[in-house]
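Trainee: Could you take a close look at the hollow spaces in this model with me, and at what sits in them? I'd like to go through them one by one, linings included.

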Amino acid sequence: MADVTLRVFRGDKEGGQAVDYKVPLTPGMVVLDAVHSIQAHQAPDLAVRWNCKAAKCGSCSAEVNGKPRLMCKTRMDSLRLDQPIIVYPMKAFPIIKDLVTDVSWNYNVNKKIPAFKPRAGASWKFYQSDVDRVQEFRKCIECFLCQNVCHVLREHDKKDVFGGPRFFVRTAGLEMHPMDGVNRVPLLKEQLGIGYCNITKCCTEVCPEEIHITDNAIIPLKERVVDQFYDPLTMMFRKISGAK
Ligand code: SF4
Ligand code: SF4
Ligand code: FES
C-alpha cells in the first residue's frame, strides 16, 4: 500500500519542532495506528498516551490537522492523504513530551465539585425521563477535548477562575439528579466561572461522546445562576436579609 506522511510534534516544554515520518497505509488504519507504527519502526522514544484504542478511555486526545480529536477514532481515510497529516499535542495544557500533555489541572478542578448527596427524606422513586436527562452527562470519557477547544482556556488561559465545559457537564449531572440535595450554583458562579462561557458551542462540536454540552448542560446551569443571583425579587430579599 502507499505511504502517507505524518508531521508529528517532537519536543517538550523547552521547545521542539515538527518531524516528518512516512508510514505504510493499511486498511482501516486510524491516526493512533500510524503513530504506533512510527514508535515501532522509526522513533521508539515518541511519547503518546493511549489505553483502549476504542474511543472509551479518553487518553489519546491530540490535534489532528488542527482539530481536537481522539487519535484512535480518527480514520486515516477520513483525511487528505496527498499532504502531510499534522499531529500536535493539545494546546491548552502544558506539554510534557511530544504528544503527551499534563492534564492534572482538570483533576484539581474536579475536586472542587461536591459529590452527590441525597436530599433528606427523598423518595427514591423517580421518572425514567429524569434518569435519561442525567445519563447523557455520565457518558463523558474525560478526554478534555472540550477543555482544549474552549477559548476561555485555550486563548485566555483563565484556569484560575474558570472550570471549563467538562466540569459543567459533571456539575449538570449532579445538579439535575432528581434525588440530589446539594446546591452547587454558588460554586458555578464563583469558583467555576460559568459567566465566562459565551455559548460558542465549540465544546459541543468536538465532544466524541456527542454530549450536548452547551444546550443541555451549560445553558440550564446558567439559568440556575440567574435564578439564584440575578432574579430581582431574590436580589431584593438578599439585600434586606443581608444574605450573600
Ligand atoms: S460554549 Fe462555553 S464552555 Fe463551550 S467552548 Fe464555548 S465558551 Fe467554552
Ligand atoms: S464532555 Fe465530551 S469532550 Fe468534554 S471531556 Fe467529556 S467526553 Fe470529552
Ligand atoms: S486510546 Fe482510549 S480513547 Fe483513544
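Mentor: Let's begin with the second largest pocket: by class, its lining has eleven nonpolar, four polar and two charged residues. Keep in mind throughout that this is a predicted model. The space in this second largest pocket comes to about 180 Å³. Its lining is made up of 17 residues, and those nearest the centre are R49, G58, S59, V103 and E142. Hold on to E142, since E142 is also one of the residues around ligand 2.

On to the largest pocket, which holds about 240 Å³ of space. Its lining runs through K67, P68, R69, L70, K73, T74, L145, E205, V206, C207, P208 and E210. Sorted by class, that makes six nonpolar, one polar and five charged residues. Two elements, β4 (67-70) and α8 (202-206), each put at least two residues into this lining. Of the contributors, β4 gives the most, with four residues.

E210, from that same lining, deserves a short stop. You'll find E210 in the loop between α8 and α9. Its phi is near 55°, a positive value in a residue other than glycine. As background, most residues other than glycine have a negative phi. E210 counts as exposed because its relative accessibility is 58%, and the cut-off for that label is over 50%.

Now for the closed spaces. If you search the whole structure, you get two cavities of 30 Å³ or more. The general idea is simple: a probe the size of a water molecule is rolled over the atoms to show where empty space is left.

The largest cavity has about 110 Å³ of space. It is lined by 16 residues, with C150, C197, T200, C203 and I218 nearest its centre. Four helices, α5 (151-154), α6 (165-175), α8 and α9, each supply at least two residues of that lining. By class, the lining has eleven nonpolar, four polar and one charged residues.

So what sits in the largest cavity? Ligand 1 does. The elements that give two or more residues to the shell around ligand 1 are α8 and α9 (213-229). Residue by residue, the shell around ligand 1 consists of C150, H151, P165, C197, N198, I199, T200, K201, C202, C203, T214 and I218. That shell divides into seven nonpolar, four polar and one charged. Look back at the centre of the cavity and you'll recognise some names: C150, C197, T200, C203 and I218 lie nearest the centre and also belong to the shell around ligand 1.

The second largest cavity has a volume of about 90 Å³. It has 13 lining residues, and closest to its centre are C140, C143, C146, C207 and I211. Its lining splits into ten nonpolar, no polar and three charged residues.

This second largest cavity is the space taken by ligand 2. Around ligand 2 you'll see C140, I141, E142, C143, F144, C146, C207, P208, I211 and I213. By class, the shell has nine nonpolar, no polar and one charged. The list also links back to both pockets: E142 is among the residues nearest the centre of the second largest pocket, while C207 and P208 are part of the lining of the largest pocket.

F144, another member of the shell around ligand 2, is worth zooming in on. F144 is found in the loop between α3 (128-135) and α4 (145-149). Phi of F144 is near 65°, a positive value in a residue other than glycine. What about its surroundings? F144 has a relative accessible area of 3%, so it counts as buried, given that the cut-off is under 20%. Set F144 beside E210, then: both have a positive phi, but F144 is buried, whereas E210 counts as exposed.

One last stop is D180, in the loop between α6 and α7 (185-190). D180 counts as buried because its relative accessibility is 9%. Its side chain reaches the backbone nitrogen of K117 at 3.1 Å. If you're rotating the model, α6 is a handy landmark, since α6 is also one of the elements that supply at least two residues of the lining of the largest cavity.

Methods:
Residues numbered from 1 in each chain as written. Chains lettered and ligands numbered in written order. Predicted model: local features only at pLDDT ≥ 70, side-chain atom pairs only at ≥ 80, totals over all residues. Heavy atoms only, no water. 1 Å grid on protein atoms, 1.4 Å probe; cavity = no way out; pocket = protein on both sides within 12 Å on 5 of 7 lines; lining within 4 Å. Points joined across faces, edges and corners; volume = space filled by probe spheres on them. Nonpolar A, V, L, I, M, F, W, Y, C, P; charged D, E, K, R; others polar. Near = heavy atom within 4 Å. Sits in = over half its atoms within 2 Å of the grid points. Buried < 20%, exposed > 50% of the residue type's maximum accessible area, 1.4 Å probe, protein only. Polar contact = N/O pair within 3.5 Å; in protein donor to acceptor, adjacent residues only side chain to side chain.
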